[in-house]
Amino acid sequence: MLPLLLLIAAFLFGGAAAGQPLRDLAVGLVAVVVLGLAAAGWIGRPFSPSARVPLILIGLLGLLFVAQLVPLPAGLWSSLAGRDLSASVLALIGAPVGPRPLSVDPELTVLAALAVLPGVAMAVAVMRMSASQRLVLVWATIALALASLVFGVLQASFGAQAGTITLYTNAHTGLPIGVFANTNHQADLLVIGFVLAGMFAPPIRDAMARRRFDRSMWLYGLMVVFAAGVVACGSRSGIALMGLGLVAIVLRERLAGHVRTLAIGGIGLVVALGLLVAFNPIFARAFADFSNTDDGRFHFWPNVVYAIEHFGWTGTGAGSFDGVYRSVETLDTLSQRYLNHAHNDYLELMLEMGVPGALLLIAFMGVLVWRVIRRPTTGVEGWLAYAGLSCSGLLLLHSMVDYPLRTPLLSVVFGLCCALLIDPPARGEQPAAASGALRWVRRGAVVIAAAGLGYVTVLYGLTASAIEAGDAKTALRIRPNSAEALSIAAEQALGRDDVRSAERYARASLAITPRDVRALRVLGIVVTLSGQTQLGGQLLLSAGSLSWRDEITQVWLIRAALSERNFVTASQRIDALLRSRQLFDEMLRLVHDMARTAEARPELAARLADEPLWRREFFGDMKAIAPESEAGHLLLIEALIQHEGGARRSEVAPFVEHLIKRGQLGAARRLWLATRGPGAETVAGGIFDGDFTQDPLAEDQQPRYPFEWQFDAGSGGNAALGAAPLLVGEDAMFVQASAPNVRLARQLILLPAGARQLRYDVVDSEGGAPDQFRWRILCINGTELKLGPVRRETSGQKRTSVQDFAVPANCPAMYVELYSRAGVSSSPVEAWFDHVVVQ
């Protein structure tokens with residue numbers, strides 16, 4: 001059975017949606033053979049009447065691909081929405097518009113059309129097969145799902161060494177991905193195995209009535225295994241789809257009159273999964289992900305909708321999503337992760353295929369509904385149709401938040417499931433009468449078409465493989481008119497300083513695909529180096545408008561903007577590189593350097609106020625701040641404080657500490673005062689919060705600046721804020737010590753040279769011993785300043801004490817510290833202090 005061979009080939013080589021051209025080529029060639037033989041009538045029996053409409057839709061899909069590749073008259077092409085930038089690029093390079101295809105990237109459209117072949121081939125072949133032959137493919141699908149599950153268990157057990165048995169190395173390596181590149185698609189296959197096993201398991205009540213364990217009852221155990229595998233994948237969509245699949249199985253049992261027995265089994269399955277979640281951390285993490293409602297898809301889908309509106313009803317051409325999306329990607333959605341698909345196949349189809357594709361999709365959905373109504377309801381054919389409906393429906397649902405059908409294996413499984421809805425050919429049915437010559441002519445035409453399709457598959461597959469390897473020379477030898485290969489060749493020639501070849505290749509690439517960012521950048525640099533700076537600038541601006549992610553283009557444009565003192569554009573493009581984590585350290589240093597320029601600071605502050613992900617590194621990486629940039633950094637933070645939200649304490653504290661270490665105490669205190677807001681200047685130079693109204697241990701006061709009270713808590717003593725006796729409605733500092741010479745509190749202050757007084761109130765409490773504590777003033781250079789004897793200005797339980805000291809000229813800053821005295825023993829002593837001032 002050739003369809004079974006296609007299923008196995010897709011299982012072995014079709015687990016990734018992109019980046020595996022040789023594996024895709026292997027699956028594609030098998031698909032071409034299967035499709036050709038099925039179309040020629042060498043597989044199975046003649047199509048049933050119900051296959052006529054699906055075959056027409058498949059033909060229309062092929063025509064739509066061809067329509068996107070057929071060159072249109074220049075006037076018609078220029079009138080299409082979204083083609084203005086391509087037209088302007090052609091004008092810049094002096095290339096005639098001429099007849100051009102609707103697709104913005106014809107090469108990718110051909111590859112997208114070839115990617116559809118495996119699923120289409122499976123569907124066409126299965127529509128010719130009998131119910132018993134279809135059943136074999138269903139059992140094979142269950143077996144392959146189980147094999148992928150076992151493979152995934154091995155991968156998870158290997159841990160850090162899982163890469164040695166993983167078919168596709170990526171961020172999901174080490175997880176139970178089976179034969180796929182990610183856990184979501186592995187979960188899809190396991191869900192299909194779960195549903196198929198449930199559909200064909202015998203009714204439990206029948207087996208029990210026969211008083212024996214039916215040999216097919218193992219399918220129920222297999223359902224449990226598949227369910228555990230889905231949860232272990234950690235895929236939220238997989239778990240949700242499994243729940244819907246269970247509903248579909250229950251509905252099937254309701255139709256058969258066995259709903260009660262299967263409902264009991266379903267409840268048992270839910271209980272078993274609940275126990276796994278409760279006692280297994282892997283399963284618990286999988287369900288915990290459902291609480292994350294801030295999914296990235298919700299942020300970038302508006303960009304896709306904008307692109308659909310921008311390019312209009314005709315679409316951009318199949319396979320063009322990646323490049324088109326980069327041209328509409330907004331700064332606020334830009335991150336290190338890039339988007340190669342919309343994670344919503346319906347939005348992506350609308351963008352690439354336009355209104356014709358949407359109409360074709362609606363017609364396809366209509367056929368599914370029609371077949372649901374007209375499907376057989378009894379026997380093997382009925383169960384096969386219901387199973388196909390359930391599994392294809394689950395994959396279509398998942399396509400709303402992912403792209404499972406772009407994976408060759410799931411595409412083949414989807415083709416199988418859709419074909420199961422079509423009536424099998426009638427037994428003994430023969431082809432319509434036709435002369436032998438006409439039949440062979442028809443078969444010959446199919447063979448020629450299949451051979452041509454195979455040739456295109458090999459041609460584009462080998463070219464894509466060479467491009468993936470960066471071998472532009474080989475790619476151009478295979479397909480001299482490959483726009484992407486020409487673009488890579490141009491970049492490589494420029495790297496060799498072969499300017500003439502670089503320009504030739506870049507112009508050839510842009511003549512085919514004017515939106516190629518790499519070719520635009522190379523040609524822009526080449527013509528700039530040759531003295532055509534205006535043309536070079538226009539080409540580079542075009543490249544920059546098509547993608548934030550081309551770092552060479554962005555760096556060139558940043559330099560140009562800075563030379564023109566265009567800080568708005570420069571800060572915007574620097575922000576883009578920082579958000580996408582490209583040249584991160586270099587861009588961070590450039591931000592600090594730009595902060596030295598007064599005109600640039602408002603723009604940089606506006607970027608930081610937008611809360612980009614790089615804001616944490618900007619505040620935390622002190623190594624990126626050169627000594628000459630420190631003043632600018634301080635001014636930039638002060639500008640940021642003026643924005644709504646300002647700068648958080650945790651962000652500014654590292655720079656304050658950095659300034660203190662470098663001896664720039666005045667700048668450090670100035671920045672600290674700016675974070676305190678209006679009125680903070682009233683404490684400049686003296687003790688801050690000597691009335692103890694702000695709890696240093698409060699969470700919203702962390703971290704603590706040296707210019708604020710810092711309470712020490714450890715062995716031998718501690719300090720805390722509290723309500724002191726005799727001070728109604730006031731807080732004071734409570735200190736307690738059980739060891740000598742323990743520091744309990746400190747604060748850094750700045751004072752000019754001269755005579756000073758330390759004044760504070762002491763509040764006695766029952767058991768208090770305020771004389772067991774002493775103040776100390778330590779110059780930042782390590783010299784302790786001499787405090788005069790304690791003079792009590794008032795007496796009683798609340799008394800004011802004063803101590804004189806002198807600030808020398810070489811002591812610009814000092815710590816005011818409170819210690820326990822040397823005579824304190826292991827018996828705890830305590831006291832309350834309030835209204836601490838230096839004057």
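**Reasoning from values to terms in a predicted model**

In this predicted model, the buried residues of helix 25 are T553, Q554, V555, L557, I558 and A561.

Me: What makes these residues of helix 25 "buried"?

Reply: The term applies to a residue with under 20% relative accessible area. T553, Q554, V555, L557, I558 and A561 are listed as buried in helix 25, so each of them falls under that cut-off.

Me: Which helices do the buried residues of helix 25 pack against?

Reply: They pack against helix 23 (517-529), helix 24 (533-546), helix 26 (567-579) and helix 27 (584-594).

Me: How do you know that the span of helix 25 is close to the expected one?

Reply: Helix 25 covers residues 551-563, which is 13 residues. The expected span is 1.5 Å times one less than the number of residues, and for helix 25 this comes to 18 Å. From first C-alpha to last, the helix reaches 18 Å, so the two values agree closely. Just after helix 25, R565 takes a positive phi of about 55°.

Me: Why is T166 called buried?

Reply: T166 has a relative accessibility of 10%. Because buried means under 20%, T166 meets the condition. This residue is found in the loop between helix 7 (131-158) and helix 8 (183-200).

Me: What makes Q155, T173 and I177 contacts of T166?

Reply: A contact requires heavy atoms within 4.5 Å. Leaving aside neighbours within four places in sequence, T166 is in contact with Q155, T173 and I177, so each of these has a heavy atom within 4.5 Å of one in T166.

Me: How do you know that strand 2 and strand 3 count as a pair?

Reply: Pairing requires at least two bridges. Strand 2 (residues 713-714) and strand 3 (residues 717-723) have two bridges, so the condition is met, in the antiparallel sense. A713 stands opposite N718 in strand 3. The hairpin of these strands has two residues between them, and G716 there takes a positive phi near 100°.

Me: What makes strand 3 and strand 4 a pair?

Reply: Strand 3 and strand 4 (residues 731-737) are joined by seven bridges, and at least two are needed, so they pair; their sense is antiparallel. G717 has A737 in strand 4 as its bridge partner.

Me: Why are strand 2 and strand 9 called edge strands?

Reply: The open sheet of seven strands has the order 2-3-4-12-6-10-9. Strand 2 and strand 9 (791-792) each pair on one side only. Strand 9 is joined by two bridges to strand 10 (residues 798-807), antiparallel to it, and R791 has V802 in strand 10 as its bridge partner.

Definitions and conventions
Residues numbered from 1 in each chain as written. Predicted model: local features only at pLDDT ≥ 70, side-chain atom pairs only at ≥ 80, totals over all residues. Heavy atoms only, no water. Helix = DSSP H or I, 4+ residues; strand = E, 2+ residues; numbered from the N terminus. Buried < 20%, exposed > 50% of the residue type's maximum accessible area, 1.4 Å probe, protein only.
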